[in-house]
Amino acid sequence: MKLATYLQAGRRRLGAVSGDDVIDLNRARAAQATAAGSPVGEAVADATVPADVLDFLRLGEPALEAAAAALAHAEELGLEESAHALLRAPLAAVKLLPPVPEPPKIVCVARNYGAHAKEAGLEVSEIPILFARFPATLVAAGDPVLRPLVSEQLDWEGELAVVIGKGGKRVAKEAAMDHVVGYSIFNDITVRDYQFRVTQYTEGKNFQASGPFGPYLVLKDEVPDPGALRITTQVGEEVMQDAETSDMIFDVPTIVSHISQFIQLEPGDVIPMGTPSGVGFKREPPRFLQPGETVKVEIPGLGVLENPVVEEVEA
Ligand code: MG
């Protein structure tokens, strides 16, 4: 399943992608329960397949199973019938939000590809280097990324994102994948001069509207090996990054286990796994994102994360 969080009539909903449509999983569960004779289908749905992705992930495996059954029920209904019941809507007609709009934590991995560390002139570390991003920096697929007023050095970083399903502390590497619910795409957009003018990453990695994340949360059964994915980043038609996640220095289980040594993992936590080589600031000449351009990160099977770049205006 590919899970989408989206707005419909101003309400936040959780859906599954079905062809060019999105199926509202909470409403599908209610319809299924009602068809099975329940007089309280909506209450059943709210308790088993909540419309908020964090509530949904906190319920764990039973919610995933209930959602899959509800999706199968909805897909058997006629198109007109399901559209009328607000079960089904064209993806093009809804406003996508980030697949986890308000993650408890976003823990980013720095320097996780040897070629990127080398292009940046930095050492490869034996210990993963992590930094934090604020959930308030997130934007969805299609949303504008802001080129800030204070800098012209807006740079792309296409990345695989891991989403945590099951919480845990001090998780062994061997058990780490049990805590991953799925994957998405992240563009860890960075304001380079702000990143490097001090020793801490906080400012340069946390500009307003600098964290494209999406389009979907793809459950892990559709991604047999997160270490065998191709990732590309394009600015307009120009390919800037083209790499394999097999080149990551620290793989997904290592990073998940490592983070859990110091903080409790929670359902909905997001871990952008680091960017490969080909970022803008080390190109000859340096190349940064300009207003009017689009930046697109693609991982086959996970979708396309495309965002226009827009100049920030004085508030
Ligand atoms: Mg990064």
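**Reading the magnesium site and an aromatic pair**

Reader: Does its relative accessibility make Asp188 count as buried or exposed, and why?

Author: Asp188 counts as buried because its relative accessibility is 0%, where buried means under 20% relative accessible area, exposed over 50% and partly exposed in between (1.4 Å probe, protein chains only). This is a predicted model, in which local features need pLDDT of at least 70 and side-chain atom pairs count only at pLDDT 80 or more, while totals for chains, interfaces and linings use all residues. Residues are numbered from 1 along each chain as its sequence is written, and side-chain values use heavy atoms, with hydrogens and water left out.

Reader: Which residues are the protein donors of the magnesium ion?

Author: Donors are N, O and S atoms within 2.8 Å of the metal (3.2 Å for Na, K and Ca), and sites may look incomplete because water is not among the atoms. Here they are Glu157 (OE), Glu159 (OE) and Asp188 (OD), at 2.0 to 2.1 Å from the ion, with the spacing E-x1-E-x28-D along the chain. Glu157 lies in the loop between strand 10 (154-155) and strand 11 (158-164), whereas Asp188 lies 31 residues apart from it, in the loop between strand 12 (180-187) and strand 13 (190-191); strands are DSSP runs (E, at least two residues), numbered from the N terminus. Glu157 also counts as buried, at 4% relative accessibility.

Reader: How many aromatic pairs does the structure hold?

Author: There are four, and one of them joins Phe186 and Phe213, whose ring centres are 5.6 Å apart with planes at 40°, so the pair is tilted. Rings of Phe, Tyr and Trp (its six-membered ring) pair if their centres lie within 6.5 Å, and planes under 30 degrees apart count as stacked, over 60 as edge-to-face and the rest as tilted. Phe186 and Phe213 are both buried.

Notes:
Helices (H or I, at least four residues) and strands (E, at least two) are DSSP runs, numbered from the N terminus.
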